[in-house]
Structure formats: structure tokens, C-alpha cells
Amino acid sequence: MKVYDGSKAAESEPTERIKVGIAEYDVSTNGAVLTTSGLGSCIGVAIYDRAVGASGLVHVMLPTAEDVDGGNPAKFADTGVETLVSALEDEGADSSNMIAKIAGGSDMLDFSKNGSGIGARNLTVVRETLDALDIPIVEADVGGDHGRSLRLEGETGDLIVKSANREEKRL
Amino acid sequence: MPEVLIADDSEFMRNLLREILEEDHQIIGEVENGVEAVEAYKDKEPDLVMMDIVMPIRDGIEATDEIKSSNPEANVIMCTSVGQEEKMKEAVKAGADGYITKPFQKPSVMEAIEDVVPS
Amino acid sequence: MKVDIQSLGTFNQLAHEGAQQATASMAQMTGIDAAVDVTKITLVDRADVGEELDDGEYVGVQFDFEGELSGRTALVLDRPCSETLTDALLPGDSAANMAQSGVKEIGNIMMSGFIDGWADYLETTIDHSPPTYIEGVGRDVIPASKGEAGADGRTDQLFVFKSQIEYIEESVEFYIYMLPDYDSLTSLMTTHADTESDAIPIDKLEVFNQMTERGTQKAAENVSMMTGIDTEAEVSQISFARIEDVPKQIENSRYVGTVVEFTGIPSGFLLVLFDEMSAKNVAEAMMPVEMDGDDLTDQHTAAIEELGNIMTSGFVDGWANVLRTSVDHTPPRLIHDMGQAILDPLAAQVGRHQEHAFIVDSRMRTDDVEFEAEIHALPNEQELREALDALMIERAEETDADPDEIFQ
């Protein structure tokens, strides 16, 4: 049997980039850049603990796990935020030092007739969940009727928001 | 010249119809939904309404139904991208006099109008 | 023959985990960090398998497997990607000489990982033949499935499991195709069907696929009529994927197009999308005057809005006419945004009630100018099932209605 060790992966490289897909999350403690793309009514929640240099990003899709019997916690706003916070705690971060930046939750292509679309409900649940965990939202770029892509810089905790027809924003 | 009301939510389609029709017809109004179509019809009683089906607020079949109920002599031609048999039957039931499917070309529009409002 | 939604979900999950296992093996061997992007089950015409591969050179491995599930599978990657991989595996000058055996080795290990998950789930063994190195241009690289074309008179459609795997750093991708023998897969699906209640008849799904093909042709004819650009329907297929994979069905580059919600049997969302260059070209072909400049103006988007409307009707009318029902849709909403951001709110709306979704994908193109259009439908599962129940196969050809017969 061939056995390969992982030594090749350890070569020093430029800043690592980690792609976070829909209904996925990831954390980094080495200053990596976390990215996620194509947020419509979805929300990207970026959480950062400067004290230990830990950052994490989750890309949630639906408001609450109660709605659907799904196996993937990162898909929902409530369980997604909770999962990200405990993953950061596993890396040594402390929730009392964490700050959050959020982006997404657009109302684009909301066909619901009663006005309360998924984007808005996602936002409500993200806010409630962070509030319950006592993690302040220091910056937000939410709502509107356009899509967004995000880049969370692990070195600084800056969240860069790109939109199709708008200027790039640094939160 | 016969007076025509155009009801279509698409600006592109209104322009296209206007270009086709304005040589031989007088366009007395252009509206964007079924409610405006009924109002404009009652106000101006044109000889012909070119009526789209899928429109916001109120669709063209309902508007046709109301126009034809208030004036059975009204002439309404559905002018729509919808090619569903059940929809065509609904349009007949509402009293529509003709049905043109988009995309259309000038001759087929003129032919349909000639059938409904002979010159 | 019926297949229930739950077992489709299970099989999709198996393929996804298999692809993850395969990717992990690869990462361990090469130190290259890659991630499985999408896994989906697609019902597609035999001739269209692999249509997502462009005209580049591809290499890979294929082998046959046998057991409770039998068929053929292939791992396909583009040539630059294979060079990156073999270089990581065997650094130095020897890489070039070893390219073929390197690919074979990686392929072998990855594909074993892919198949093992299935065997474990089915609590059986699945044997496979030694891998064969393959190379070719575009879809030609993909091996033919083992089944006979059009055997026993059924439509010539296959279920294909596709996984797309992407590197983080390099923008190269590779694909795993699994082409199970039709009978082997359908009997397995039947065995693993948990309930009758959410079962979908496979033969009707195939007919629905054919109706969609005709709908795409109709939409393409409409484009030709409105623009004078001779447009051909290219591919139509139905895929089944996790809700969170739905937005990845399209690129994240910018698109222009229309979206409607349709109600009735079936219900759901329908998108007509053009890349920006295509949108500009097609809109200008509809306009009577020459346009200056490279920007998309309001006149362009007004033309796209109407074209989207007409293509939408061309596409859904066939469903309504075959099913003898009416399918209503909202006026088109014009959209100009990142592809995945367009699909994401729609997937979320459908995803409130289901974990997986069927996605209908069609494409049309022309050689005259740079022009390509995509139509995607995202039906709600419940109404799709009702539509398939109501579908009478003998009416499948009755997609067109003639107003002259009704207005007399």
C-alpha cells in the first residue's frame, strides 16, 4: 500500500483562500481569506474574534431548522450561526470577544404576496440568534434587490461585499 | 380610420404593435394592465382592443370579460404569447373575437383584424 | 416502474459522499485541496451525456462495475488539470512521462472511494474492472454506457450521476460520471422505495423530459422569429439535486433575463437567462435601429423582457396542452445580476417544503452571432408529481394548440 505523508501541503503559500459554499461554513485561525458567492436571499454571517485571530463565515439559506427536517445545520439561519460560533470556540475563540458582520438577505425575486420574503425572515432570525448569543452586529449590508459575493479577510476581520452593479464595500 | 386601444404591459410590444397598426389605424390609447384597459375602453369606446393576457393587477381575459359584458358589440383581439388550449377556450368564453399568438408578423396581425373589424 | 423521491435523495447523497471520499483521497495523495461542488442525478438523452464539457482536451479513467448495481463510471479532468495533479503527485521532470500512469493511479484510488460508499450502503460488494485510461475532446471522452441504445423500445434516456469537483486555488474542475445500467438502477430504486406515496413514475419523467425538449424547440423557434437569428435547441435535461446545490446549476457570472412564478399543475419558477453579450446581441437583433456603444440600455432590457415572456410561454404551453390544463404565470420580472444570486432566492422558496429539487435545464444557441440562452425551471415537487400522475403518455405529442380551431 502506498502511503503519502501530508508534508507537501505544508509548503508556505500566499494567503490561503477557503471557499464556503451554500449551506456551508468554515473557520480559520491563520489569517486565511474566506469567500462565498452568489448571495441572493441567503445571508453570509462573518464572525471574528480579534483576540485569538479567529474568523468564520457561514452561508445560510433558510430561516429556521424548525421549518424543514434537514440534516445540515449550516443551511439555516438559527442553527447555522450557532454551529459557526461553536466551531470558533473549538478553535479557542471566546463568544464574549466575537463580533459579527452580515451581508445578504436581498428581496430580489421575492414572489410571496404577503411581503415578508425569505430574505427578510433570514435577517430576522440571524439577528435574533446573534442577539441571544450576545454577539454584536458591528456592520451590515443587507436587503435591497441585488445579489452579493463576500470575502472575509482573516488578518483584519474586514468583510468585502461585491455586488453586480454596485461599488465594492468594505465592512 | 378605426380606433384601437392597445393593452400590454410590455413597452417593447406596445411599440411594435403601434408601428404595425398606426398606418391604417388611430391608436387612441396604450395601457399596461387589465384595470386600465377596462377604464380606457369605457372612456373612449374604441373600435378594437388589442389585449395581452398576462398583465399585472388584472389579466387580459378578465378585462375582456368585463368589456364584453358591458358592451357585447365591443371587439377584442387577444394578442399574447400564451399558446395554451385551455387559455384560448377561456378567452372564447370571455367573449374574445380573435387570438393572435406572439411572436407575430404584420400580415397575421392585419389578417386577424380584418376578420374582426372588416375595413 | 416508479422511483420515490426519498430514494432519489438517498442515491444523490451516496454519490455526493462518494465524490467527497474520492476527493479526500486525491487531496491526501497530492496535497491539493479540492472540494465537491455539486452532485446531481440527471435524466438525459444518451447523446447529451457530458454536454457540460467544453471543446477542450480531457483525460481520465473509466471502469465497469458489477453487483447489485452495475454499470460504468468515469473520472474526467481537463488536461491542464491532470498535469497539475500529476505534478503534485510526482514532482519534477518525470511528471510528463508519468502523466498517463499518474492519472490512472489517481483515478483508480478516487473511483474506488466513490464506489465503496455504494457497496457499504447496499450492504453488498460491488466489483470493478481495472481502470482504463481515456482521453478525448469534449464529451467524446465519456465512455458509452453499457446498455443498448433504445433496447426494448423505451426512450433512449439515462440516469447519470455527476459530481463536479473544484480546486480552491486553480479554477480547474473535474467530473465523476456514473452511468448505471438502466435496469440495474431502476430495480434498485424500486427495491429501496420506502413509500408509494411520493413515487414518481420513471417512464412519465422521461416523457416530461421529451415535452421539455419540444418546449425548448418552440422557445428557440420564437427567438428565431423575433430576431431573425436562426436558433437551435441544444440540450434538455431534468436533474435532481440538494436544494443547496440548485444555485450552482448556473455560473456566477452576470446574466440578464426574466423570471416568472407559474401556478397550476405543475407550479414553480421559470428563468430565461442570457449572458450579457448574448443579451445585447439578441436585443439588438429585435430592434429596428442600430445601437451605439457597449452598454445594455433600457431599450435592450425592454426587448429582453418581452423575449423572455415569449420564450416562457413557448416553454410552458406544451405542458399545459399535453396535460389539458392551464399553467398561469406572473408577468416576467426582469433581472440583471450574478447567476447564483438569481437562483438562490428561488431555491430558498422551493426549499421551504423540500430538501431536494428537480431542475429542468435547457439551452439554445446559434452559430450566427455570439448567442446562447438558458431556460431553467424549478418545479415544486408536489405539483410536479401531480402533473406526472395526470400525464397521459399518448398525449405527449399534443404540445401545440391552434387558435384557429378554437376561434371560428
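Which side chains meet in a salt bridge at 3.6 Å, N to O? Hold that thought, everyone, while I set the scene.

This is a predicted model, where local features need pLDDT of at least 70 and side-chain atom pairs count only at pLDDT 80 or more, while totals for chains, interfaces and linings use all residues. Residues are numbered from 1 along each chain as written, chains are lettered from A and ligands numbered from 1 in written order, and side-chain values use heavy atoms, leaving out hydrogens and water.

Let's start with who touches whom. Contact here means heavy atoms within 4.5 Å. Of the two pairs of chains that touch, A and C have the most contacts. Chains A and B share no contact, and their closest C-alpha atoms are 12 Å apart.

Now to the A and C interface. Chain A brings 43 residues and chain C brings 38 residues. Together they bury about 3300 Å², with 55% of it on carbon and sulfur atoms; buried area is the accessible area (1.4 Å probe) that two parts lose on being put together, summed over both.

Back to my question: the pair is A:Lys75 and C:Glu244. The rule finds one salt bridge across this interface, meaning a side-chain nitrogen of Lys or Arg within 4 Å of a carboxyl oxygen of Asp or Glu. On chain A's side, the residues touching chain C divide into 15 nonpolar, 14 polar and 14 charged. For that split, Ala, Val, Leu, Ile, Met, Phe, Trp, Tyr, Cys and Pro count as nonpolar, Asp, Glu, Lys and Arg as charged, and the others, Gly among them, as polar. Thanks for listening!
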